[in-house]
Structures are given as structure tokens and as C-alpha cells.
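Let's take a friendly walk through one part of this protein. Keep the picture beside you as you read.

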Amino acid sequence: MQVSERLLQPHERRGAELCARGASQGQAAGAIDQEGIACPAKSHPSGAKKIIVGIEEPLRRLHMAVRTHCRVHESRVAATVLAYRETKSLSRARREDIKQKELATNELIAACVRDCVDSGLMTDIDVDMFVYQIVMFSHMWALKAWHFQPRMNVETYIETGLKL
């Protein structure tokens, strides 16, 4: 099924509307439980943090953060695409709320990058720019899966990207 067709499904439209209105984690989780949808713009920092917190080695922790971020967007392609298409129609307050939630999520990745720099595993880089390269990489699977899926699955996409 094409993403554009999936965007028309009522349960997905309801989830996207919840996301666009800045639904709380509980509301979004309720939508996920009831309707099988979620909001990628709010890939909940607390959930991602639970996944990476037990990993001691900084580079492995960064790789897991990237994998997790990609898998969130891979599992919610329609919502990711809709978020790109419809964010401009939100009120200024809602756009600011989304930006703050994005920054909170990005901070988890940034902390992993800083740990890699501090451990000497990476050169002293512009952490913010690198984090946004990772974010765009994770979004790209959802936005351009039509291009990549004929030759690879999401796991190959992630592993190939981690080698760059």
C-alpha cells in the first residue's frame, strides 16, 4: 500500500491529529494501544533512554541510539510523512512545543556523541550538526523508503548508514 493511501486511513489520521495537537505521552500511548499508531515527532525520550542506559561503551550506546531512532520512524512511516507535510499548518505554540520535544529527544543522541568525543572515539565535532545529520538519516528511511526498499531492508539501511 502506498504511503499516500495509508495517510487516508481514519485511525492513522486520528493519530496524526493527536500528534499535531501536541498530545501528551499518555494520550499518544492510548492512541497507539487503541489504534496501532504513534507520533514520531514525539519519539519519547524516556523510552529511548531506557534502551541505551545500560550500554557502557560510548560508541555502542551511540549506535543503539541511532538504531532506535531509525526504527521509531520505520515503524511510523505514515505519521512521519504526515508530520513533514502538516507541521506548517499548526499554530505557533504547537510548533514550538514540537520543537522543544524534538530538542529533548536530540539531547539523548547528543549525550552519546559527547561521550564518544570525551572518550577519544571521535574528533571534537559540532555535536548539534552531527545530531541533526543522524535525525535526518532516521527520517530519510520514512521519507525515501520507496527508493531504498527495493535493494535493502531497514536493518541493512541502518548498518550501512552507521558505517558512513
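## The second largest pocket

In this predicted model, the lining of the second largest pocket has 10 nonpolar residues, three polar ones and no charged ones. The space in this pocket comes to about 340 Å³.

Which residues lie nearest the centre of the pocket? They are Phe130, Ile134, Gly161, Leu162 and Leu164, out of a lining of 13 residues. Three helices each supply at least two residues of the lining: α5 (58-74), α8 and α9 (154-163). Let's see how these helices pack, starting with α5.

## How α5 meets α8

Two packed helices are described by the angle between their axes and the distance between the axes. For α5 and α8, the angle is about 35° and the axes are 7 Å apart. The crossing of α5 past α8 is right-handed.

On the α5 side, the contact uses Leu62, Val66, His69, Cys70, His73 and Glu74. Their partners in α8 are Phe130, Ile134, Val135, Phe137, Ser138, His139, Trp141 and Ala142. Sorted by class, the residues of this contact are nine nonpolar, four polar and one charged. You have met two of the α8 residues already: Phe130 and Ile134 are among those nearest the centre of the second largest pocket.

## How α8 meets α9

The axes of α8 and α9 are 11 Å apart and make an angle of about 125°. The two helices are therefore oblique to each other. Here too the crossing is right-handed.

From α8, the residues in this contact are Phe137, Met140, Trp141 and Phe148, and they meet Val154, Tyr157, Ile158 and Gly161 of α9. How do these residues divide by class? Seven are nonpolar, one is polar and none is charged. Gly161 is also one of the residues nearest the centre of the pocket.

## How α7 meets α8

Another helix also packs against α8. Helix α7 spans residues 92-118 and helix α8 spans residues 127-148; their axes lie 9 Å apart, at an angle of about 115°. That angle makes α7 roughly perpendicular to α8. This crossing is right-handed.

In α7, the contact residues are Glu102, Leu103, Asn106, Ile109, Ala110, Val113 and Arg114. They meet Val127, Phe130, Val131, Tyr132, Ile134 and Val135 in α8. The residues of this contact comprise 10 nonpolar, one polar and two charged.

## Putting it together

Try following Phe130 and Ile134 of α8 in the picture. Both take part in the contact with α7, both meet α5, and both lie among the residues nearest the centre of the second largest pocket.

How values were computed
Residues are numbered from 1 along each chain as its sequence is written. This is a predicted model: local features need pLDDT of at least 70, side-chain atom pairs count only at pLDDT 80 or more; totals for chains, interfaces and linings use all residues. Side-chain values use heavy atoms; hydrogens and water are left out. Axes are lines fitted to C-alpha atoms, for helices over the stretch in contact, and angles run from 0 to 180 degrees between N-to-C directions. Helices (H or I, at least four residues) and strands (E, at least two) are DSSP runs, numbered from the N terminus. Angles under 35 degrees count as roughly parallel, over 145 as roughly antiparallel, 65 to 115 as roughly perpendicular and the rest as oblique. A crossing is left-handed if the near helix is turned anticlockwise from the far one by less than a right angle, and right-handed if clockwise. Contact means heavy atoms within 4.5 Å. Ala, Val, Leu, Ile, Met, Phe, Trp, Tyr, Cys and Pro count as nonpolar, Asp, Glu, Lys and Arg as charged, and the others, Gly among them, as polar. On a 1 Å grid over the protein atoms alone, a cavity is a set of points where a 1.4 Å probe fits but cannot get out, and a pocket is an open set with protein on both sides within 12 Å along at least five of seven lines; lining residues have an atom within 4 Å of a point. Grid points are joined across faces, edges and corners, and a volume is the space filled by probe spheres set on the points.
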